[in-house]
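Visitor: Please show me how to read the features of a protein model, taking one feature at a time.

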Amino acid sequence: MTAKVSYESVEVGTELPAQSFPVTRATLVQYAGASGDFNPIHWNEKFAREVGLPDVIAHGMFTMAEAIRVVTDWAGDPGAVVDYGVRFTKPVVVPNDDKGALIEVSAKVGAKLEDNLVRVDLVAMCDGKKVLGLSRAVVRLA
């Protein structure tokens, strides 16, 4: 596969379609099973509170994976992402209710690089707080 977005069609500041990703306790259990990360801070409220967290929190890698979906959906090819990194700034707290949490992600082209590469800057928010800092992806466009 190759990216569906052409390098010539984007400029610095081009906004990608924003997306929201719901996270429930069930989502965390499913992710724990798939990833093998059964750390109790991701499913046991009592344990999470005992270690100083406000409640159960989402896995950092899960949060990263949800955020990059904005880029892969836009590019049309997950393989177009050649580099991706973030700093975890705040945890995604997932309450034990029917709603859970909502990760809201926006992104825009931050720089046009050589060889059809662009840097995409992402903003991931949950409950009004930025949960990923310096979230950037380098994407090879068509």
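Guide: Let us start with a loop. Aspartate 127 lies between β4 (117-126) and β5 (129-140); helices (H or I, at least four residues) and strands (E, at least two) are DSSP runs, numbered from the N terminus. The model is predicted, so local features need pLDDT of at least 70 and side-chain atom pairs count only at pLDDT 80 or more, while totals for chains, interfaces and linings use all residues. Residues are numbered from 1 along each chain as its sequence is written, and side-chain values use heavy atoms, with hydrogens and water left out.

Visitor: Which sign does the phi of aspartate 127 have?

Guide: Aspartate 127 has a positive phi of about 55°, although it is not a glycine. Aspartate 127 is exposed, at 66% relative accessible area; exposed means over 50%, buried under 20% and partly exposed in between (1.4 Å probe, protein chains only). Leucine 134, also not a glycine, has a positive phi of about 45°, and this leucine is found in strand β5.

Visitor: How should I read a salt bridge, and how many does the structure hold?

Guide: Side chains of opposite charge can pair when their charged atoms come close. The criterion is a side-chain nitrogen of Lys or Arg within 4 Å of a carboxyl oxygen of Asp or Glu. The structure holds 8 salt bridges. In one of them, arginine 25 meets glutamate 45 (3.5 Å, N to O). This pair links distant parts of the chain, 20 residues apart, from helix α1 to helix α2 (residues 45-50). Arginine 25 counts as buried because its relative accessibility is 14%, whereas glutamate 45 is partly exposed at 30%.

Visitor: Which other salt-bridge partner does glutamate 45 have within helix α2?

Guide: Glutamate 45 also meets arginine 49 (3.4 Å, N to O); both lie in helix α2, 4 residues apart, about one turn of the helix. Arginine 49 is partly exposed, with 46% relative accessibility. Salt bridges that share partners join Arg25, Glu45, Arg49 and Asp55 into one network.

Visitor: Which residues touch the most other members of the largest nonpolar core?

Guide: A nonpolar core is a set of buried Ala, Val, Leu, Ile, Met, Phe, Trp, Tyr and Cys residues joined through side-chain atoms within 4.5 Å. The largest one has 38 residues, and Trp74, Val118, Val120, Val139 and Leu141 touch the most other members. Elements giving two or more residues to this core include α3 (60-75) and β3 (101-112), and α3 provides the largest share, 8 residues.
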